[in-house]
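Visitor: Could you take a close look at one part of this model, the cysteines and the helix that comes after them, and then set that part in the context of the chains? Please state the cut-offs as you go.

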Amino acid sequence: MKRLVILLGAGALLAFVVSCAQFKSVTGAALDGAAGVGLISKQTADAGKSGVDLACDAFDVITPEQEYWIGRTVAALLIKSSKPYDNAAVNDYLNTLGQSLATASTMPETFGGYHFLATDTEDISAFAAPGGLILVSRGLLKCCKNEDELGAVLAHEISHVQDRHGVRAIKKGRLTSGLVKTASKTAQAMTSSDVAQLAGAFEDSVNDIASTLVNSGYSKANEYEADAGAVAIMKAIGYNPAALRDMLQEMEKRVKPEAGFGKTHPAAKDRIKKIEGLIKDAPPVSESAERQARFQKAMTGV
Amino acid sequence: MSKRKLLLPVILLCGIALGVWAAGVKTMNVRVKQADLGNSPSKLAKSVAVVHYGDPVTIIETKGSWKKVSIGDGSTVGWIHESAITKDKLDLKAGTQDVASKASSGDMALATPGFNSKVEADFKTKHSDIDFKWVDKMIGFKPTPDQMRAFLTAGHVSPPTGGAK
């Protein structure tokens, strides 16, 4: 068993640089080869291959297209409880700023692209659905004093998308039951049982993600990772990453522990501590007159 | 050499062979709905062509996470981010007229297995209280690279120099 663990560990390193199909093929050949020369038993090799199948399939089977369809329904579920803020000036501004920031992401391309929408609630909240559909509340927009601070909020949400935190919130086992079993079948080859399993896996998956976003939030590690990602995006595009610290300080004053961000995010002071080293060389945020003017114009009436 | 000592070289050889094979891949497929080929390695670059899901691209050069690629007969060349392309074979027959028409109409998802527009349609039937109107509307919010470049320039937002990443 120890040998199997060593083999799989080395194989896992390979998985970072190749697709799952290639990883499975090579790892399978390596396990067969190791069994062939007597390094491990055939039984151990078979156990290893099925372990690789499960670990690989459950997450990797979600392609960018799958993520797009999951994200659409997650966004629709969120919009049901937070109605959209139907203000063209605000939504145009959010999309120009947000999509500009997304160009500096480590994953600038998603299947359907990054898109942003303001929601009409005083709650302080923002949600990133898989694939790049991002909702930001009016309450959160009101916390921002300038474009760099709003950019920090959007960059944080973009980071959740690029790091695929949404699909990682799907409970283990959901996908093996429906998606994996049907992944290689064409629409014509699907039986009614396949279709029912697929529909069930889809509904359970979107509910897992929406529930995580609204009720429990991502893990603290995911949030810190998204903050670090936001700093990297802001530096790469030319916004001041110190605006994330300013924004967190503002939220510390405004956020109620039992609602919105207070319920789903780590304490602002802990998040600030985590990014201090990343922004130590950043000067204080100082907006150009043009940038501040367009920010204030877009936020009029919010 | 004992069998145990053979284990690490075997794994390393597999890794090297795979790396050599991966580095040798010249043709990849577009895996996003559509993407611009830019005249430089940046999403803010001027678009020289638009590619769609399933289109094959031939890799000419790699710079960080960006690939310089050619399409069609090879006369159109531009840059695309690696997150938009895959070595994996896609389900659609790449390069056919059918792909282009399906991609532009949004129907190509019907041809792909797993979660697709049909699964979403079934979900909508069961949950008529969930409205996708605003989801469709927000997907329509799409500034062009030219508009984003102008926005950043007007706001005096300029990336530090350092090249493609």
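**The cysteines and a helix crossing**

Guide: A:Cys143 has a relative accessible area of 1% and is therefore buried (under 20% relative accessible area, with over 50% termed exposed and the range in between partly exposed, using a 1.4 Å probe and protein chains only). The model is predicted: local features need pLDDT of at least 70 and side-chain atom pairs count only at pLDDT 80 or more, while totals for chains, interfaces and linings use all residues. Residues are numbered from 1 along each chain as its sequence is written, chains are lettered from A and ligands numbered from 1 in the order in which they are written, and side-chain values use heavy atoms, with hydrogens and water left out.

A:Cys144 is likewise buried, at 7% relative accessibility. A disulfide is a pair of cysteine sulfur atoms within 2.5 Å, and over all chains the count is 0. A:Cys143 takes part in none, the nearest cysteine sulfur, that of A:Cys144, being 6.5 Å away. Seen from A:Cys144, the closest cysteine sulfur is that of A:Cys143, and because the separation is 6.5 Å, the two are too far apart for a bond.

Helix H7 of chain A spans residues 147-162, and its axis comes within 8 Å of that of helix H12 (residues 242-254) of chain A, the two crossing at roughly 90 degrees. H7(A) is therefore roughly perpendicular to H12(A) (65 to 115 degrees; under 35 is roughly parallel, over 145 roughly antiparallel, and the rest oblique). Axes are lines fitted to C-alpha atoms, for helices over the stretch in contact, with angles from 0 to 180 degrees between N-to-C directions. On the H7(A) side, A:Asp148, A:Glu149, A:Ala152 and A:Val153 meet A:Ala243, A:Leu244, A:Asp246 and A:Met247 of H12(A), where contact means heavy atoms within 4.5 Å. The residues of this contact comprise 5 nonpolar, no polar and 3 charged.

The surrounding chain A has 15 helices and 3 strands (DSSP runs, H or I of at least four residues and E of at least two, numbered from the N terminus). Of its 302 residues, 58% are buried, and among contacts with a separation of 6 or more, 72% join residues 24 or more positions apart.

Chain B has 5 helices and 7 strands, in the order α-β-β-β-β-β-β-β-α-α-α-α along the sequence. Buried residues are 41% of the 165 in chain B.

Definitions and conventions
Ala, Val, Leu, Ile, Met, Phe, Trp, Tyr, Cys and Pro count as nonpolar, Asp, Glu, Lys and Arg as charged, and the others, Gly among them, as polar.
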